[in-house]
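Student: I have a model open and want to go through its pockets and one of its sheets with you. Can we start with how strand pairing is decided, and then work outwards?

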Amino acid sequence: QKRSEYRHFEMMMLLNSTRGKHAWGCSWFEEQNKKQKLYYFKQKGEFEMFSRITRGIKTRSIMGHNRFETNGTKEKNINNHLHVDQGISIIHNGVISNRRKDMKSECDSEFILRELIEYKIKDKETMIEAIAKMAEKLSGSYRIGIQHDDISESIFLIGDGSCLYGYPNDEIAVFASEKGNIIFPGKKEALKEGVIYEMKENKIEKVGEYEVKKPTTVIHTLS
C-alpha cells in the first residue's frame, strides 16, 4: 500500500476513537517465508496518531478497533479487541448475550471468535459457511469484521443493520461504524442485516446470506 493509505487508516482510527477511548488494537497480514502471516496488536488507552505500531506495517489488509469498555475490564488486555486465535481475528461493536464455556476472556465479543473456530477449524466449513452459522446464533447488537489466514487479503463484514458503512473507490475499500468517519468523498453504503460482505482490494461485494435471529417476545398478562 501507499504510505498515504496508512495515514488514511490512522486518521479513521483517530476519528472513530470517539466511539471508544478505553483501548485500541489492529490486525493485519504480512508476508513471511513466502506465506501471509496474521499479526495483531492491542493495548489499553486511546489511539494516537503516528503510532510506532502502525508506522511500520506493510500490508494489503488491515482492520482496527477502538473499544468502549462494557463487559470485561480494559486492565486485562485479553478483554480488549482484537480477539485472535488459530488464524482468525475479529472485531465487534455492540453487545451480545451469548456465552460459551471455552471463552477465555470476560468480553462478550469472544463468543464470535469461538463460534468461528468451532465451525471453520473443527468442522472444516468454508469461512462464509462458518460466518453464517455463527451469525444465526447471535443475540444482541453487532457490527463485526473478520480476517482469516486462508484469505489474507479479505475482510468479511456483517452487521445488524445499524452503524456499519462501506466505501469502495478506484483504489481502496474501507469500512467504519460512523459514516462521517470515512474520510473519502462520495457515497457511503449502509451494509444490510442478513448479508455477508467480503471487502477485498477496492471492492465490497455480497458473498453470502444468513437467517436473522428474531428477538424473543415475552407477553405478561394480569388476571
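Tutor: Two strands count as paired if DSSP finds at least two bridges between them. Bear in mind throughout that this is a predicted model.

Student: OK, so which residue stands opposite Ala-173 in strand 9?

Tutor: That is Pro-168, which stands opposite Ala-173. Strand 8, residues 165-168, pairs with strand 9 in the antiparallel sense, and the pairing runs over four bridges.

Student: What's the strand order in that open sheet?

Tutor: The order is 9-8-10, with three strands forming an open sheet whose pairing is antiparallel. Strand 9 and strand 10 (189-190) stand at the edges with a single partner strand each, so one side of each has no neighbour in the sheet.

Student: Switching to pockets: how much space lies in the largest pocket?

Tutor: About 720 Å³ of space lies in the largest pocket. Its lining consists of 35 residues, and the closest to the pocket centre are Phe-9, Ile-62, Val-174, Phe-175 and Met-199.

Student: And which elements give two or more residues to that lining?

Tutor: They are helix 1 (3-16), strand 3 (62-67), strand 5 (88-93), strand 6 (143-148), strand 9 (173-176) and strand 11 (195-200). Helix 1 provides the largest share of the lining of the largest pocket, namely seven residues.

Student: How does the lining of the largest pocket split by class?

Tutor: The lining of the largest pocket has 16 nonpolar, eleven polar and eight charged residues.

Student: What about the second largest pocket, how much space lies there?

Tutor: The second largest pocket holds about 180 Å³ of space. It is lined by 14 residues, of which His-65, Phe-68, His-92, Asn-93 and Gly-94 are the closest to its centre. Strand 3 and strand 5 each supply at least two residues of this lining, and strand 3 gives the most, with three residues. By class, the lining of the second largest pocket has two nonpolar, eight polar and four charged residues.

Student: Last topic, helix 4: which of its residues are buried?

Tutor: Within helix 4, which spans residues 127-135, the buried residues are Met-127, Ala-130, Ile-131, Ala-132, Met-134 and Ala-135.

Student: What do the buried residues of helix 4 pack against?

Tutor: The buried residues of helix 4 pack against helix 3 (110-122) and against several strands, namely strand 5, strand 6, strand 7 (154-159), strand 11 and strand 12 (203-209).

Terms used. Residues are numbered from 1 along each chain as its sequence is written. This is a predicted model: local features need pLDDT of at least 70, side-chain atom pairs count only at pLDDT 80 or more; totals for chains, interfaces and linings use all residues. Side-chain values use heavy atoms; hydrogens and water are left out. On a 1 Å grid over the protein atoms alone, a cavity is a set of points where a 1.4 Å probe fits but cannot get out, and a pocket is an open set with protein on both sides within 12 Å along at least five of seven lines; lining residues have an atom within 4 Å of a point. Grid points are joined across faces, edges and corners, and a volume is the space filled by probe spheres set on the points. Ala, Val, Leu, Ile, Met, Phe, Trp, Tyr, Cys and Pro count as nonpolar, Asp, Glu, Lys and Arg as charged, and the others, Gly among them, as polar. Buried means under 20% relative accessible area, exposed over 50%, partly exposed in between (1.4 Å probe, protein chains only). Contact means heavy atoms within 4.5 Å.
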